[in-house]
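Q: Please take a close look at the ligand site in this model. Which residues surround the ligand, and what contacts do they make?

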Amino acid sequence: MKRVLTIQDISCWGKCSITVALPVISAMGSEVVILPTALLSTHTAFKHYTCTDLTDTIGPILDAWRNEGITFDAIYTGYLGSASQIRMVEQIIDEFATDKTLVFVDPVMADFGKLYPAFDMSYAEENKRLCKSADIVVPNITEACFMTGTEYREDHTESYIKDLLDKTSGLGAKITVITGVAMKDKMMGIMGYDREKDEYFHFENKWVHASFHGTGDLFSSTAVGAIMRGMSWQDSMRIASEYTAYTIEKTMEDPDRPWYGVNYEKTIPYLVQMISK
Ligand code: PXL
């Protein structure tokens, strides 16, 4: 069985980061090992939340793992607590990734043109450097803009997205995929670029008029799970995009839906069906 290390926060309540990665990647058939970066009462869209930084716990955990000789088929990073944790992640990749390990970086820090409350521009600079260590990096448009010093725009012309993708790819990841791309009316999608093969990839779904926290984590976790099943990065991104859109749609059909996250609990059986075809 493939083993995935995911490094991101635990938001106890709120359906994001590790509480999404664990069920989704497990349901897709890989073992998930977690390295929590911070422990929050909820994610940061709630009005009041507590946040305990777990940086000091990471060193001893790594020491214990070294003694066990653990290895990983993928290292998947998401929301990290601080700039110093990004540097720690680089060291973890140096030490624990082999030639065969997929390094998947979701530089979670911003959306809709703004950084999340815990972050500033120096954090964006650190994330920019982390891209160099990645096989695949999956920023949304806002994150790509912050990492490349590009103006954030809501009208996504093909030339704007392609230029943003080329600049983000220049940060050093082998494959760069920008999410949340809306180039056509009523459509939402992703645009990717494989630097080694000089190949572009574009995929879009019907736009679901809603946005929820944690959907980026759902997308990334699904993509990692699919790649671990041996799918190409393009097919993995397609499945991740379709599954995320489907889950948002199903969540919108629920009159009792929570405001803070999507109902992936209801759609995981569909995901398992999709990948079993
Ligand atoms: O879904 C991204 C995410 C992850 N973790 C925490 C967050 C957010 C987005 O706001 O606040 C703690």
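A: The ligand site is described below, followed by a salt bridge. The model is predicted: local features need pLDDT of at least 70, side-chain atom pairs count only at pLDDT 80 or more, and totals for chains, interfaces and linings use all residues. Residues are numbered from 1 along each chain as its sequence is written, and side-chain values use heavy atoms, with hydrogens and water left out.

The ligand has 13 residues around it (a heavy atom within 4 Å), and Asp 9, Thr 44, Tyr 79, His 213 and Asp 217 come nearest. By class, this shell holds five nonpolar, six polar and two charged residues (Asp, Glu, Lys and Arg count as charged; Ala, Val, Leu, Ile, Met, Phe, Trp, Tyr, Cys and Pro as nonpolar; the others, Gly among them, as polar).

A nitrogen atom of the ligand lies 2.8 Å from a polar side-chain atom of Asp 9. For Thr 44, a side-chain N or O atom is 2.6 Å from an oxygen atom of the ligand; for Asp 217, the corresponding distance to a ligand oxygen is 2.7 Å.

Elsewhere, Glu 90 and Arg 129 form a salt bridge, 2.6 Å from N to O (a side-chain nitrogen of Lys or Arg within 4 Å of a carboxyl oxygen of Asp or Glu).

Note on methods: A polar contact is a pair of N or O atoms within 3.5 Å; within protein, one must be able to donate a hydrogen and the other to accept it, and residues adjacent in sequence count only if both atoms are side-chain atoms.
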